[in-house]
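Biologist: Please take me through this model one question at a time. Keep the cut-offs explicit.

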Amino acid sequence: MTPVQTAFLQCQRMVRAADENRFWASAFAPAAARPHLFALYAFNHEIAKTAETVSQPLLGHIRLQWWRDALDGIYAGQPRQHEVAFALSETVRIHALPRAELDALIDARESDLDEVPFKDVTALEAYANATAGGAQRLALRILGGGATHEPRSEEHTSELQSRE
């Protein structure tokens, strides 16, 4: 088994354990897309679990910065020695995933560290669109759907900031 295959298999195992719904939904995707969906969903899990795995917000910011730096390496063609980063690197290369959309997922998860309730339903919807919606837009690209809907990131960023 090649290092890339091993990384994809680790992502598949992670998604199966952490996000069963996306794991089983991916089972219906074309076989060639499945490893890439698992890489995306493993990345999503890694950043989504940040707030619940750290004891202080500062540690969460450090962890999310690690992922921003990992994306720097991925887009420079030098992924970190981490199974999810390595698999995501291959997925980015093959499917030309936009850096801005991956960064937006990290940015949205940063708001989890604040522990501030949503101001209103609009702010909650913006959060859902930025997190789960962002992951689904990237999955659509992997499945060949392209950019059928461009997220209004400025609008969602301002709505996320209105949580305070």
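**Loops, helices and core**

Biologist: Where is the place of E115?

Modeller: The model is predicted, so local features need pLDDT of at least 70, side-chain atom pairs count only at pLDDT 80 or more, and totals for chains, interfaces and linings use all residues. Residues are numbered from 1 along each chain as its sequence is written, and side-chain values use heavy atoms, with hydrogens and water left out. Helices are DSSP runs of H or I with at least four residues, strands are runs of E with at least two, and numbering starts at the N terminus. On that basis, E115 is in the loop between α7 and α8.

Biologist: Is E115 buried or exposed?

Modeller: Buried means under 20% relative accessible area, exposed over 50%, partly exposed in between (1.4 Å probe, protein chains only). E115 is not a glycine, yet its phi is positive, near 55 degrees. Its relative accessible area is 72%, so E115 is exposed.

Biologist: Which residue just after α6 takes a positive phi?

Modeller: The residue belongs to the loop between α6 and α7. At 57% relative accessibility, it counts as exposed. Phi is about 50 degrees, although the residue is not a glycine. It is A96.

Biologist: How many helices does the protein have?

Modeller: Read along the sequence, the pattern is α-α-α-α-α-α-α-α-α. There are zero strands, and the number of helices is nine.

Biologist: What share of the contacts with a separation of 6 or more joins residues 24 or more positions apart?

Modeller: Contact means heavy atoms within 4.5 Å. The protein has 164 residues, and 41% of them are buried. For contacts with a separation of 6 or more, the share from residues 24 or more positions apart is 68%.

Biologist: Which helix gives the largest share of the largest nonpolar core?

Modeller: A nonpolar core is a set of buried Ala, Val, Leu, Ile, Met, Phe, Trp, Tyr and Cys residues joined through side-chain atoms within 4.5 Å. The largest has 34 residues, and F43, W67 and L102 have the most contacts inside it. Two or more residues each come from α1 (3-18), α3, α5, α6 (83-95), α7 (99-110) and α8 (121-142). The largest share, eight residues, comes from α3.

Biologist: At roughly what angle do the axes of α3 and α5 cross?

Modeller: Axes are lines fitted to C-alpha atoms, for helices over the stretch in contact, and angles run from 0 to 180 degrees between N-to-C directions. F43, E46 and I47 of α3 meet R63, L64 and W67 of α5. These residues divide into four nonpolar, no polar and two charged (Ala, Val, Leu, Ile, Met, Phe, Trp, Tyr, Cys and Pro count as nonpolar, Asp, Glu, Lys and Arg as charged, and the others, Gly among them, as polar). Helix α3 (residues 34-48) and helix α5 (residues 57-75) have axes that come within 10 Å and cross at roughly 150 degrees.

Biologist: How is α5 oriented relative to α7?

Modeller: Angles under 35 degrees count as roughly parallel, over 145 as roughly antiparallel, 65 to 115 as roughly perpendicular and the rest as oblique. The axes of α5 and α7 come within 10 Å and cross at roughly 175 degrees. That makes the pair roughly antiparallel.

Biologist: Which residue of α7 is in contact with W67?

Modeller: Neighbours within four places in sequence are left aside. W67 is then in contact with F43, E46, I47, H82, V84, A85 and I106. The α7 side of the contact with α5 includes R99, L102 and I106. The shared name is I106.

Biologist: What span does α6 reach from its first C-alpha to its last?

Modeller: The expected span is 1.5 Å times one less than the number of residues. The buried residues of α6 include V84, A85, A87 and L88, and their cover includes α1, α3, α5, α7 and α8. With 13 residues, α6 is close to the expected 18 Å, and it reaches 18 Å.

Biologist: How far apart in space are A7 and V84, C-alpha to C-alpha?

Modeller: A7 is found in helix α1 and counts as buried at 4% relative accessibility. Not counting residues up to four places away in sequence, A7 touches E83, F86 and A87. A7 and V84 are 77 residues apart in sequence, and in space 6.6 Å.
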